[in-house]
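Hi there,

Here is the structure I promised to pass on to you. Have a look at it first, and then read on for what turned up.

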Amino acid sequence: MTITELPYGSWPTPITSELVVTASARLSELRVDGSDIVWSEGRPADAGRVQLVRRAADGTTTDLLPAGMNARTAVHEYGGAAWWVRDRVLWFSEWSDQRLYRLAPGADPVALTPEPAMPRGDRFADGDLAPDGSYLVCVRERHTGASATEVRNEIVRLAADAPSEPEVLVTGPDFVAAPRISPDGRSLAWLQWNHPSMPWDDTLLMIRDIETGEETVVAGGRGESVAEPRWQPDGSLWFISDRTDWWNIYRWVPDVDIRPVVRIDAEIGVPGWAFGSARFVVLPDGRVVFARQRAGFDGLAVGELDGSITDLDLPFSAIGAVRATGTDTVAVVAGSPAAETGVFLVDIGTCDVGELRPPRDVGVDLSTISVPEAVSFPSVDAAGERRTAHALFYPPTNEGYRAPDGELPPLLVVIHGGPTSAAVPALNLSVQYWTSRGFAVVDVNYGGSTGYGRAYREQLLGEWGVIDVADCMAAAEWLAAHGRVDRNRLCIRGGSAGGYTTLAALARADTPFAAGASHYGVADLAALAADTHKFESRYLDRLVGPYPAARELYEERSPIHHVDRFERPLIVLQGDEDEIVPPRQSELIVDALRARRLPVAYLLFEGEQHGFRRAENIRRALDAELSFYAQVLGFELPAEEGIEPVTVENL
């Protein structure tokens, strides 16, 4: 084939912003209902609505929700576990009013919870149905005032088949999660934690005798994060804990003890930003199938009855959910470096994989797909001591184009949100959008990221705005020193917490970056501490320090107080309904740069919350950012794509 020579960044590509959103779906949660499998699909082309899809044993699929309904909860603002199913009956939280609904086959949805009494209303998530099907338990987030922090988080019980007033079972802790009823219906297990902890810091696994009210602390406490409690038919309770640095699997037997089931130097658990994680499942014979992350990549493994671990030879690099479908099969939501997320059936004996909901065919030759490489590189801590950080590196890749001899590619340093989170190595066309145009991308798992054990995760405690910035700068400089990217065209981009790191990195006199993009990023830490929702209202106590006692440190770490240090062009993208990082955060930094007559572009998207869900807005955000880099770095956009230029003020 003919290879065309063009500068990096200007390569035409089939991976346009339209392709990024066309027919794409965010596949996440998964349930098994008899011989059927049900999963959730977030659909950008339908205003980001979450539809639930049932696949019958004969392979037919059916959308379950009526037109316009949206199975999404706002508990903790991040949601998750907004629905559950048994015997073809569905219970779900409807986004528009946050009420719980019951949907039986052939019937219309019926609201089970009262109309909200307050403007923010009651919100429901993470439910479980009693063994006899008579009632359900779930988390209720009750907003008691106008402020987003005037909230009570409780576990409630309500009738499963008719409207009723929820009965409070657990109240008092700042947060609760994962209420699970034992197989005999006598006990309730749940997780709880209090400010200033987050669920990956310190949680308690509790059990209550439903009849007597007697409570038992099973596991957890200071320095231990517990997740995903699962009752088994024999009355034992399995769960994930990081008591030995890694999130591994344990089994509790009443009146006996806790014993490890899977102990490996790899991460099975994930941070509890959203409800409903499902990283392991126990098979009928007692074996456990689990997802585990090692060196930035997920894999699937089996904990055998003799205690040994069998890694399965599968193509997946990111696994979102694992559910048992038989004695030797599991269903998974998973993706790979060459394919977006799909729903698959895995035979754990043969490693045969069947597609239940195949990834979409993006219509792009694999030679245009950049495959991530796990890299580790030297960085420093706050005291200047050497340490090692990690990232996924994507080289520029496009089979039809090459750059002129001697030219090195521009680099995009990508910062995941959280900051307690991690880069995801499955095919993401939002990354390939850049690499297929001639950009190199490095997705940084800076100190504080998950996937490398608790000790690595805790490197960010007290050091947000220091360790993350140091690692992003170190990644860029390490790649430049090894001749893989152009030292003069290093750029940085991130959303939410990643937007903060972007701004903090640019607000330094020694920044190596030529430009940056902040997607709904934090500019003023004090404003974030004072104006955010309950779930994160004390998050910064550990990442920075208690506010207002640590006011001076907040000011030192906040980019808004250091606009005099900004010398690089910046584009800011923001949703106007974002309650996690309100628009005022973005506007503060934009106004400051305008006042200093520095190059800046600002786009405010109507109807978007924290993270863009509408297809047209995702497209515009990508293309505007590309236009911004083209103007700043000095390359031409492919004329055939008709990309609308973004206005860069003061350029």
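Below are notes on one helix, the cavities, the salt bridges and the aromatic rings.

One thing before we start: this is a predicted model, so please keep that in mind as you read.

**A helix to start with**

Find helix α4, which runs over residues 467-481. It has 15 residues and reaches 20 Å from its first C-alpha to its last, close to the 21 Å expected at 1.5 Å a residue. Is α4 out in the open or enclosed? Largely enclosed by the rest of the structure, because 12 of its 15 residues are buried. Among them are I467, V469, C472, M473 and L479, but also D468 and D471. Several alanines are on the buried list too, including A470, A474 and A480. A bit of background may help when you turn the helix around: an α-helix has 3.6 residues a turn, so residues three or four places apart point the same way. Just after α4, look for G483, which takes a positive phi of about 70 degrees.

**Empty spaces inside**

The search found 3 cavities of 30 Å³ or more. The largest has a volume of about 110 Å³, and 14 residues line it. If you want to find its centre, go to W464, V522, L528, E536 and Y539, which lie nearest to it. Helices α6 (525-530) and α7 (539-543) each supply at least two residues of that lining. What kinds of residues make up this lining? There are 10 nonpolar, 3 polar and 1 charged.

The second largest cavity comes in at about 90 Å³. Its lining draws on residues from far along the numbering, including M198, W200, D201, T420, G448 and R457. Y539, R542 and L543 line it as well, and helix α7 gives the most to this lining, with 3 residues. Here the split is 6 nonpolar, 2 polar and 4 charged. Y539 is worth marking in your viewer: it is one of the residues nearest the centre of the largest cavity, and it is also in the lining of the second largest.

**Charged pairs**

Side chains of opposite charge can pair when their charged atoms come close. How many salt bridges does a search of the whole structure find? The count is 48. Here are a few to click on.

- R43 and E41: the closest N and O atoms are 3.0 Å apart. E41 counts as buried, because its relative accessibility is 5%.
- R123 and E141: the closest N and O atoms are 3.4 Å apart. R123 lies in strand β10 (residues 122-129) and E141 in strand β11 (residues 135-143), so this pair ties together parts that are 18 residues apart in sequence. Both residues are buried.
- R180 and D126: the closest N and O atoms are 2.9 Å apart. R180 is in strand β14 (residues 175-181) and D126 in strand β10, 54 residues apart, and the pair links these distant parts of the chain. R180 is buried, with a relative accessible area of 18%, and D126 counts as buried at 4%.

Some salt bridges join up into a network, which links D201, D202, R222, D242, R454, R457, E458 and R542. You have met some of these names already: D201, R457, E458 and R542 are in the lining of the second largest cavity.

**Rings**

A pair of aromatic rings is described by the distance of the centres and the angle of the planes. The count for this structure comes to 24 aromatic pairs. F239 and Y250 form a stacked one, at 6.1 Å centre to centre with 20 degrees between the planes. F239 sits in strand β19 (residues 237-244) and Y250 in strand β20 (residues 246-252), 11 residues apart. F239 counts as buried at 0% relative accessibility, and so does Y250 at 2%.

Now try F439 and F635: is this pair stacked or edge-to-face? It is edge-to-face, because the planes are at 75 degrees, with the centres 5.9 Å apart. F439 lies in the loop between α2 (429-435) and β34 (440-445), and F635 in the segment after α10 (615-633), so the pair ties together parts that are 196 residues apart in sequence. Both F439 and F635 are buried.

Finally, ring pairs link Y78, F175, W193, W200, W273, F535 and Y539 into a cluster. Two of those, W200 and Y539, also line the second largest cavity.

Cheers

Technical notes
Residues numbered from 1 in each chain as written. Predicted model: local features only at pLDDT ≥ 70, side-chain atom pairs only at ≥ 80, totals over all residues. Heavy atoms only, no water. Helix = DSSP H or I, 4+ residues; strand = E, 2+ residues; numbered from the N terminus. Expected span 1.5 Å × (residues − 1). Buried < 20%, exposed > 50% of the residue type's maximum accessible area, 1.4 Å probe, protein only. 1 Å grid on protein atoms, 1.4 Å probe; cavity = no way out; pocket = protein on both sides within 12 Å on 5 of 7 lines; lining within 4 Å. Points joined across faces, edges and corners; volume = space filled by probe spheres on them. Nonpolar A, V, L, I, M, F, W, Y, C, P; charged D, E, K, R; others polar. Salt bridge = Lys/Arg side-chain N within 4 Å of Asp/Glu carboxyl O. Phe/Tyr/Trp six-rings, centres within 6.5 Å; stacked < 30°, edge-to-face > 60°.
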